[in-house]
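Me: Please take a close look at one part of this model, the nonpolar core, and then place it within the rest of the chain. Plain wording is fine.

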Amino acid sequence: MKNNRLLISLLTTFALLILCFPYLAKASNPTTQQAMIIYRNSVGEKQVLTAAKHVEQNYHHLQTIAGTFNKADIRRLKKSSSIVKVETIKKDTHLFSMPEKKQGSEIPSALNWNMSLIHASNAWTNGLSGKSVKVALIDTGVTSKVNWPNVYRYSFVQDVRSTLIDESSPYDNDGHGTFIAGILLGNARNNLLGVAPDMSLYSLKVFKPDGAPIQAILKALDWSIAHKIDIVNLSLGMKMDDAILRNAIAKTSKAGIILVAAAGNDGNGENVEYPARYSQVIAVSSIDKQSRISSFSNTGTQIEFAAPGNSVYSTDLQGNRRLGSGTSFATPHVTGFLALLKQQYPRATSSQLRKALRDYTIDLGVKGKDPLYGYGLIDFSHPLPNDVQDIQISNITSSSAVAVIKATKSLNSQSGNYRIYLNGSYVKTINTDRYKFTNLKKKTTYKVEIKTRGKDGRLSPGVEKTFRTQS
């Protein structure tokens, strides 16, 4: 991969990362300027489209437009209450990169040790494989040399005429995306196991030889929203916050998509990179086979979960087995795990699944959430409890209401009882299918949440229902 002040770290020993040119070339006309503009509403969108001399891209789901504008119009748009942000593109715009992990540090270890560490086989034996879950891999593409019938390839980059390869092809020319796909799906040809082999994997190529321009990433996120993707894997990062990317991440999260990203590979004590650093994104650190933090892994309060990323086996461009290290490769373990949870709990929201994942971890390091391991190592040691299917609220008065629980297999061998919450506060644990709330305030809206509690203490994501008391 070429260097152009922008360098992506891709591991096979490729530790990830993203280079963002924020935004294309300089305008040749001194009275015009290229810009990316976030609009607040339809009024703002119309203002931008009307002012634009040329529209390069309208990222409709992200409420962002890229184009060329008269400088006077840019000044007017900045003053509009219907415009959130205007970012003009200058010749010396900040470039973002994440240093690559040093070569030659992979230490051969047992095949599939990473799958054993997270006890993925317990999910498979309980019928969970990620089936019907839609995952987007925003990366370098996926090779055609492996028979993965559940991979769907798209490219959001243009061909670079100065090279001999066709960068616009949806296939992988680097190996980074293919390596991640191997962790997610496995590769029977080389006896490699994948976390969620039956997921529908949408490979969204965003990398050119000199890096991933932010336009391509925005297109991939916009596409993910439009196509109702469940989970997005972002094994990439950059050092600085960027308003355009921040907005795109927020919009994608608001659309109900779970975002999982690599923490970075600068070393312990170094800040978590963006987009993993954003609150809407699950930040993943890397551990080795002894469940120790990898020396190359970035750390910080934003770390949410830890996963194997030190000397793991996966697939190269030719479909062969090879070793790689980096938070890039820890990330898909969490993405795959979430796909298993999504299959088990298809009605759960992204926020519910994110919370539920905390219940399927082994605490590492100091007790509780910490800057190295977050909530801990993702772990499938025990079967998941069956979730509540629905809640019906009846007999509503000014001071009471009755919640009736519906479950496919009520209190079966995997489940112990139900935990009741009202407006986010724990109320009681019961072992019957109904509960009466009393001492309620009249003409008040309440939110009921009921979760199934397994015999091992783990909780399902739960189901929520709101009701309003009478006057």
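Reply: Contact here means heavy atoms within 4.5 Å. The model is predicted, and what follows should be read with that in mind.

Start with Leu201. Leaving aside its neighbours within four places in sequence, Leu201 is in contact with Val135, Leu137, Asn150, Val151, Tyr152, Ala181, Leu184 and Leu185. Leu201 also belongs to the largest nonpolar core, which has 55 residues. Together with Val334, Leu338 and Leu341, Leu201 touches the most other members of that core. Helix α8, residues 327–344, gives the most to this core, contributing eight residues. A second core, separate from this one, has 42 residues, and among them are Leu204, Ile217, Leu234 and Ala261.

Now the chain around these cores. The chain has 471 residues, and 56% of them are buried. Its secondary structure comes to nine helices and 24 strands. Among contacts between residues at least 6 apart in sequence, 72% join residues at least 24 apart. The chain exposes about 19800 Å², and carbon and sulfur atoms supply 47% of that area.

Some of the strands can be followed sheet by sheet. Strands of a sheet pair through backbone hydrogen bonds, either parallel or antiparallel. One open sheet has four strands in the order β2-β3-β1-β4, with antiparallel pairing. Its edge strands are β2 (52–59) and β4 (83–88), each of which pairs on one side only. From one strand to the next, the twist averages 25 degrees. Strand β1 (residues 32–39) is joined to β4 by five bridges, and the two run antiparallel. Within this pairing, Met36 has Glu87 in β4 as its bridge partner.

Two helices lie across strands of this sheet. Helix α1 (residues 42–51) lies across β1, β2, β3 (64–70) and β4, and runs at about 135 degrees to β2. Helix α2 (residues 71–79) lies across β1, β3 and β4, and runs at about 135 degrees to β3.

Another open sheet has three strands in the order β18-β19-β22, and its pairing is antiparallel. β18 (390–394) and β22 (434–437) each have a single partner strand, so one side of each is left without a neighbour in the sheet. The twist in this sheet averages 20 degrees from one strand to the next. β18 pairs with strand β19 (residues 401–406) over five bridges in the antiparallel sense. Gln392 has Val404 in β19 as its bridge partner.

Notes. Residues numbered from 1 in each chain as written. Predicted model: local features only at pLDDT ≥ 70, side-chain atom pairs only at ≥ 80, totals over all residues. Heavy atoms only, no water. Core = buried A, V, L, I, M, F, W, Y, C linked by side-chain atoms within 4.5 Å. Buried < 20%, exposed > 50% of the residue type's maximum accessible area, 1.4 Å probe, protein only. Areas by Shrake-Rupley, 256 points an atom, 1.4 Å probe, with all protein chains shown as cover. Pairing = 2+ DSSP bridges. Axes fitted to C-alpha atoms, helices over the stretch in contact; angles between N-to-C directions.
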